[in-house]
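Let's take a walk through this protein together, starting at its surface and then working into its sheet. Keep the model open beside you as you read.

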Amino acid sequence: MAFLTEQWILVAILAALVTALIVFEGQRGGKALSLHELTRLVNKDEAVVVDVRETKEFKAGHIVDAIHLTHQKLASRLSELEKHKNKLVVVVDKVGQHSGAAVKTLKENGFNANRMQGGMAEWTGQNLPVVKG
């Protein structure tokens with residue numbers, strides 16, 4: 001506590017930098033869709049889910065009909081998504097660490113893309129259905 005009061009300028013700078021990082025990362029990935037918004041869009045055939053997690057995580061459980069493209073290979077495999085360019089592409093990862101960068105890549109290549117809020121951790125936390133394998 002003494003450090004906080006004696007070094008309040010450093011603490012304030014750190015807080016400002018953390019806030020700026022959070023804002024920047026949030027803007028980079030675009031709007032985050034809620035689980036309910038995603039479900040509604042997929043059920044109306046207006047969106048497609050792209051899961052960018054590692055293969056092992058994907059096989060352990062993923063959203064029904066999700067397309068699996070790891071975040072490392074997304075840019076080189078965009079041609080696989082061309083047939084879905086007229087739909088919203090919703091990017092899903094584990095907890096949100098890669099979805100922002102994936103959405104940015106998709107948008108730079110002409111896709112309408114958003115990320116799912118909370119990732120698969122939120123999806124499974126709400127006991128929503130997953131497919132294994």
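Which residues make a nonpolar surface patch of about 940 Å²? In this predicted model, the patch is made by M1, F3, L4, W8, I9, L10, I13 and L17. Two helices, α1 (2-6) and α2 (8-28), each supply at least two residues of the nonpolar patch, and α2 gives the largest share, with 5 residues. One of the patch residues to click on is W8, which sits in helix α2. Is W8 buried or exposed? Its relative accessibility is 55%, so W8 counts as exposed, given that the cut-off for exposed is over 50%.

With that patch in view, step back to the whole chain. The protein has 6 helices and 5 strands, and from the N terminus on its elements follow the order α-α-β-α-β-α-β-β-α-β-α. Its C-alpha atoms fill a box of roughly 60 × 35 × 25 Å along the principal axes. The accessible surface comes to about 8100 Å², and 58% of it belongs to carbon and sulfur atoms. Of the 133 residues, 35% count as buried. Contacts also reach across the sequence: among those between residues at least 6 apart, 65% join residues at least 24 apart.

Now for the sheet. In what order do the 5 strands stand? They form an open sheet, β1-β5-β4-β2-β3, with parallel pairing. The edges are taken by β1 (32-33) and β3, each with a single partner strand, so one side of each has no neighbour in the sheet. Helix α5 (residues 99-108) packs on this sheet and touches β4 and β5; its direction makes about 175 degrees with that of β5.

As a general reminder, strands of a sheet pair through backbone hydrogen bonds, in either a parallel or an antiparallel way. Let's trace the pairings here, beginning with β2. Strand β2 (residues 47-51) runs parallel to β4 (residues 88-92), and 5 bridges join the two. Within this pairing, V49 has V90 of β4 as its bridge partner. On to β3 (residues 67-68): β2 pairs with this strand in the parallel sense too, over 2 bridges, and V50 stands opposite I67. Strand β4 is in turn joined to β5 (residues 112-116) by 4 bridges, again in parallel. There, V90 stands opposite N114, so following V49 to V90 and then to N114 takes you from β2 through β4 to β5.

How many residues of β2 are buried? The strand is mostly covered, with 5 of its 5 residues buried. In a regular strand, side chains alternate between the two faces of the sheet. Here both faces of β2 are covered: A47, V49 and D51 are buried on one side, and V48 and V50 are buried on the other.

Two more residues tie other parts of the chain to this region. F58 lies in helix α4 (residues 55-60). With a relative accessible area of 10%, F58 is buried, because the cut-off for buried is under 20%. Leaving aside residues up to four places away in sequence, F58 touches D51, R53, A66, H68, V131 and G133. For a sense of distance, F58 and E46 are 12 residues apart along the chain, and their C-alpha atoms are separated by 23 Å. The other residue is T70, in the loop between β3 and β4. At 9% relative accessibility, T70 is buried as well. With the same sequence neighbours set aside, T70 touches V52, R53, E54 and T55. R53 is thus a residue to look at from both sides, since F58 and T70 each touch R53 under the contact limit of 4.5 Å.

Finally, have a look at the backbone. Most residues other than glycine have a negative phi. Which way does phi go at D45? D45 is not a glycine, yet its phi is positive, about 60 degrees; this residue sits in the loop between α3 (35-43) and β2. N127 also has a positive phi, near 60 degrees, and is a residue other than glycine. You will find N127 in the segment after α6 (119-125), where N127 is exposed, with a relative accessible area of 70%.

Terms used:
Residues are numbered from 1 along each chain as its sequence is written. This is a predicted model: local features need pLDDT of at least 70, side-chain atom pairs count only at pLDDT 80 or more; totals for chains, interfaces and linings use all residues. Side-chain values use heavy atoms; hydrogens and water are left out. Buried means under 20% relative accessible area, exposed over 50%, partly exposed in between (1.4 Å probe, protein chains only). Two strands pair if DSSP finds at least two bridges between them. Axes are lines fitted to C-alpha atoms, for helices over the stretch in contact, and angles run from 0 to 180 degrees between N-to-C directions. Patches are made of residues with over 30% relative accessible area and no salt bridge: like charges are joined within 9 Å, nonpolar side chains (Val, Leu, Ile, Met, Phe, Trp, Tyr) within 5 Å. Accessible areas come from the Shrake-Rupley method with a 1.4 Å probe; for residues, only the protein chains shown count as cover. A salt bridge is a side-chain nitrogen of Lys or Arg within 4 Å of a carboxyl oxygen of Asp or Glu.
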